[in-house]
Amino acid sequence: MQRRYDTDALGTRRRRTSSVYSGPVDHKPAQLDLGRLIDRPDGDFSHDGVQQLRQDFTRFMMRYKFGMEEIVTKLSILRDEFEHLHETNPIENISSRLKNPDSILEKMGRKECDSTFESIAEKITDVAGVRVTCSFVSDVYHVFDLLTSQSDVVIVEVRDYITDPKPNGYRSLHALIEVPVYLSDGEVPVLVEVQLRTIAMDFWASLEHKIHYKYREDVPQSLLDGLKDAADTATELDATMERLHAEVKTAGQLSAGLKDELSRGTVALPDDAFVERLKRLGS
């Protein structure tokens, strides 16, 4: 299959077409009708057939687990490097999750997904997910660049909900990336969804999820309006914190114009009496 690339809004290269991916681990095979997950031409679901389906499904899901762990490892290395070798660390927290079989089945219905592993891999792109929480919006894009610049990471798609928030106020940077997983029978490309957001964005998204989980699809309009107002407040908070962070980083630095004046000796320097008055004010 020929691979074609586009340039997304972030100016990064992404692949339009992708191959088979992989997924979750924390499942209970005994409670899952695996026959619904894959078509068997002969319709034979004898004991041996069910055992084979369970093994196939476990192998399919483990690929996602390994791909997710690969991304978590890459991010953890970056976080530890910044922690020990740099003044600031852009990564506050890293979490991950694998969809459980019931969630996959539910999404198969919504996506009108065929009961084959190939169809699941093609249509359900968030089987494996990694979330990165950062302090500042600039950190979100910095971590994204660091992760996706690695040679074995392929960008499949980028959805920038920070620059273009969803109508309800949701903000986050979503990246579908593909990494190679090396199994006993060879290399398998695995798709992982990586979400990068600030602490304020993550707090808002957590609250929004809890509200929708409680009310399902019947959330009162007053709560929806309140969530939108909260999203606007979180956006303002991120902007304020970013500005304060920039001021702290540049504290004590002279402007280019003042440096030039000092080098040419044209700036008026305070006399000794003025300096003494300043010292008394600070004591």
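Which residues have the most contacts inside the largest nonpolar core? Select Ile71, Val130, Val132 and Val194, since these are the ones to look for in that core of 44 residues. A nonpolar core here is a set of buried Ala, Val, Leu, Ile, Met, Phe, Trp, Tyr and Cys residues joined through side-chain atoms within 4.5 Å, and buried means under 20% relative accessible area, exposed over 50%, and partly exposed in between, with a 1.4 Å probe and protein chains only.

Some notes before going on. This is a predicted model, in which local features need pLDDT of at least 70 and side-chain atom pairs count only at pLDDT 80 or more, while totals for chains, interfaces and linings use all residues. Residues are numbered from 1 along each chain as its sequence is written, and side-chain values use heavy atoms, with hydrogens and water left out.

**The whole protein**

Colour the model by secondary structure, and eight helices and seven strands can be picked out; helices (H or I, at least four residues) and strands (E, at least two) are DSSP runs, numbered from the N terminus. Of the 283 residues, 37% count as buried.

**The cores**

Return to the largest nonpolar core, the one with 44 residues, and select helix α1 (residues 47-85), which gives the largest share of this core, eight residues. Now centre the view on Val132, which touches Leu75, Ile91, Asn93, Val143, Val194, Gln195, Leu196 and Arg197, leaving aside residues up to four places away in sequence; contact means heavy atoms within 4.5 Å. A second, separate core has eight residues, among them Tyr161, Trp204, Ala205 and Ala231.

**Two cysteines**

Select Cys113, which counts as buried because its relative accessibility is 10%, and then Cys134, which counts as buried because its value is 0%. The number of disulfides, defined as pairs of cysteine sulfur atoms within 2.5 Å, comes to zero.

**Salt bridges**

A salt bridge is a side-chain nitrogen of Lys or Arg within 4 Å of a carboxyl oxygen of Asp or Glu, and by this rule there are 13 of them. Begin with Lys74 and Asp152, whose closest N and O atoms are 2.9 Å apart. Lys74 lies in helix α1 and Asp152 in the loop between α4 (137-148) and β5 (154-160), so this pair ties together parts that are 78 residues apart in sequence. Lys74 counts as buried at 10% relative accessibility, whereas Asp152 is partly exposed, with a relative accessible area of 27%.

Next select Lys107 and Asp126, whose side chains meet in a salt bridge with an N to O distance of 2.9 Å. Because Lys107 lies in helix α2 (residues 101-110) and Asp126 in the loop between α3 (117-123) and β4 (128-134), the pair ties together parts that are 19 residues apart in sequence. Both Lys107 and Asp126 are buried. Add Arg97 and Lys99 to the selection, and you will have a network of salt bridges that links Arg97, Lys99, Lys107 and Asp126.

**A last stop on the surface**

Finally, show helix α6 (residues 221-250), where Met241 is found. Met241 counts as partly exposed because its relative accessibility is 37%. Together with Leu237 and Leu244, Met241 makes a nonpolar surface patch of about 240 Å². Patches are made of residues with over 30% relative accessible area and no salt bridge, where like charges are joined within 9 Å and nonpolar side chains (Val, Leu, Ile, Met, Phe, Trp, Tyr) within 5 Å; accessible areas come from the Shrake-Rupley method with a 1.4 Å probe, and for residues only the protein chains shown count as cover.
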